[in-house]
Amino acid sequence: MKDIEKARRYLRNAGEMLRKNEVDEDGIYNNRKHVKIAGNRAYSGVLTALDAVLGNKTSDRKTLDWYEEELTNIDPKILPYFLTAYDVLYLAMGYDGNLIAAISKEGLDIAEKIINWAEQRTAA
């Protein structure tokens, strides 16, 4: 449960970072740097929650393919959410700094779903 709390803290920090970033009337953030930081924090929360369920890899670094394979074996229904979190949180927000507020909101919602899923898995 400690890891789930840590994952939620990452997600809260991401949300706070985005709230500090002003949105214009067209739903566009004004600061790409804040979007990047928020995306990386939220994605770290997702990985932290998944690590609570999946445990440690025996060798090398964990890769996207490793997470994909492990999730497929445990619960294939969560896999599309993880892949979308990777696309939105890590690539669109964290790497590209996509300024569309609706995309960031959707990314944080998906992260919340994954963390809730991980919490249920670790409680069982």
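**Exercise 1. Find the residue with positive phi that comes after helix H4, and then describe which residues of H4 are buried and what covers them.**

Step 1. Gly97 follows H4, and its phi is positive, near 70°; helices here are DSSP runs of H or I with at least four residues, numbered from the N terminus. The model is a predicted one, in which local features need pLDDT of at least 70 and side-chain atom pairs count only at pLDDT 80 or more, while totals for chains, interfaces and linings use all residues. Residues are numbered from 1 along each chain as its sequence is written, and side-chain values use heavy atoms, with hydrogens and water left out.

Step 2. The buried residues of H4 include Leu79, Phe82, Ala85, Tyr86, Val88 and Leu89, where buried means under 20% relative accessible area, exposed over 50%, and partly exposed in between, with a 1.4 Å probe and protein chains only.

Step 3. Among the elements that cover these buried residues are H1, H2, H3 and H5.

**Exercise 2. Work out how H4 packs against H5, and state whether the two are oblique or parallel.**

Step 1. Two packed helices are described by the angle between their axes and the distance between the axes.

Step 2. The axes of H4 and H5 come within 9 Å and cross at roughly 140°, the axes being lines fitted to C-alpha atoms over the stretch in contact, with angles from 0 to 180 degrees between N-to-C directions.

Step 3. H4 is therefore oblique to H5, since angles under 35 degrees count as roughly parallel, over 145 as roughly antiparallel, 65 to 115 as roughly perpendicular and the rest as oblique.

Step 4. Among the residues that make the contact (heavy atoms within 4.5 Å) are Phe82, Val88 and Leu89 of H4 and Gly107, Ala111 and Ile114 of H5.

**Exercise 3. Decide whether Glu68 and Thr48 are buried or partly exposed, and list what each one touches beyond its neighbours within four places in sequence.**

Step 1. Glu68 lies in helix H3 and is partly exposed, because its relative accessible area is 27%.

Step 2. With neighbours within four places left aside, Glu68 is in contact with Leu79, Phe82 and Leu83; from Glu68 to Phe82 there are 14 residues in sequence and 8.0 Å in space, C-alpha to C-alpha.

Step 3. Thr48, which belongs to helix H2, counts as buried because its relative accessibility is 14%.

Step 4. Leaving aside neighbours within four places in sequence, Thr48 is in contact with Asp3, Lys6, Ala7 and Tyr10.
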